[in-house]
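Visitor: Could you walk me through this structure with a few questions and answers?

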Amino acid sequence: MIVTMIVVCEVGFWVLLAAGLTARYLLRMPRLGMGLLLCEPLLEVLLLVVTAVDLKSGAEPAWRHGLAAIYIGYTVGHGHRTVKWLDGHAAHRLGGGPPPPKPPRYGMARARHEGRIWLGTLVAGSVASALLLAAVWYVGGDGDTSKLEASIGGVWRAVGIHGLIALSYSVWPKKAPEGDRKETSAVPARNPEHVPDLAVRDARKDEEQV
C-alpha cells in the first residue's frame with residue numbers, strides 16, 4: 001500500500017503542477033492556479049498519515065516506509081525549486097514573459113549554485129531522517145526497526161556524496177572556454193566615450209592634454 005501511495009503522490013504532484021500552471025497562464029486564472037499549486041503539500045501529508053497508519057496497524061517496518069520518508073524529504077528540500085523552474089518556463093512560453101535566467105556554468109558562480117542545490121539536499125536529508133527517527137520511536141522496542149535505521153544511514157551517505165560533488169566545484173572551478181569569456185576591456189573603435197572603460201578614458205585625456 002505504501003508503494004502505491006508513493007506512486008499516487010508522485011503522479012498527483014505532476015498533475016497538480018500541470019493544472020496549476022495551465023490555470024495560471026492559459027486560462028488567466030492566477031488565483032485558481034496558485035490554489036492548485038498550494039494543494040501539493042497535502043499529498044505529502046497524506047503519504048505521512050498513510051505510513052503512520054500502516055505502522056500502527058502492525059505492519060513490519062520495511063524499506064517502503066523508509067522510501068516514503070525519503071520521498072517526503074526530497075519534496076520538502078527540492079520541490080519548491082522544481083516548481084519555480086517550471087513556473088518560469090511556463091510564464092515565458094505561455095504567458096509571454098521573459099525567458100528564465102539560466103544557471104551559471106563556470107567559475108565560483110557555478111560553485112555557489114551547486115552549493116545552494118546541496119543545501120536543498122541537506123534539508124531533504126534532515127526531514128527524511130526526522131521522519132525515520134519518529135517512525136523508529138513510534139514502533140518502539142517491540143518491532144524490528146533495523147531497515148528504518150539503515151535508511152537513515154543511506155540518506156546521509158547520499159547527502160555526503162552530493163556535498164563532495166558540490167564542493168569539487170569550489171576546489172576545482174570549471175573554466176569557461178575561450179570563446180565564452182567576455183572581454184572586460186573590449187572597446188569599439190568608434191565612439192569610445194560611450195563605453196565605461198576607465199583605461200580608454202584616461203588615454204583620451206592624455207591625448208587631449210598633449
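Guide: Happy to; the model is predicted, and we will talk about a pocket and a pair of helices.

Visitor: How are α1 and α2 oriented to each other?
Guide: Let's start from the geometry. Helix α1 (residues 2-26) packs with helix α2 (residues 30-38) at an angle of about 165 degrees, their axes being 7 Å apart. Angles over 145 degrees count as roughly antiparallel. The two helices, α1 and α2, are therefore roughly antiparallel.

Visitor: Which class of residue, nonpolar, polar or charged, has nine members in the contact of α1 with α2?
Guide: From α1 come Leu16, Leu17, Ala19, Gly20, Ala23 and Arg24, and they meet Pro30, Leu32, Gly33, Met34, Leu36 and Leu37 of α2. Two residues of this contact are polar, one is charged, and nine are nonpolar.

Visitor: What is the handedness of the crossing of α1 and α2?
Guide: This is a separate matter from the angle. Where α1 passes α2, the crossing is left-handed.

Visitor: Which element gives the most residues to the lining of the largest pocket?
Guide: The largest pocket holds about 650 Å³ of space. Among its 19 lining residues, Arg81, Lys84, Trp85, Pro101 and His113 are the closest to the centre. The elements that give two or more residues to the lining are α5 (107-139) and α4 (63-93). With nine residues, the one that gives the most is α4.

Visitor: How many charged residues are in the lining of the largest pocket?
Guide: Sorting the lining by class helps here. Eight of its residues are nonpolar and seven are polar. The number of charged residues in that lining is four.

Definitions and conventions. Residues numbered from 1 in each chain as written. Predicted model: local features only at pLDDT ≥ 70, side-chain atom pairs only at ≥ 80, totals over all residues. Heavy atoms only, no water. 1 Å grid on protein atoms, 1.4 Å probe; cavity = no way out; pocket = protein on both sides within 12 Å on 5 of 7 lines; lining within 4 Å. Points joined across faces, edges and corners; volume = space filled by probe spheres on them. Helix = DSSP H or I, 4+ residues; strand = E, 2+ residues; numbered from the N terminus. Nonpolar A, V, L, I, M, F, W, Y, C, P; charged D, E, K, R; others polar. Axes fitted to C-alpha atoms, helices over the stretch in contact; angles between N-to-C directions. Parallel < 35°, antiparallel > 145°, perpendicular 65-115°, else oblique. Left-handed = near helix turned anticlockwise from the far one by under 90°. Contact = heavy atoms within 4.5 Å.
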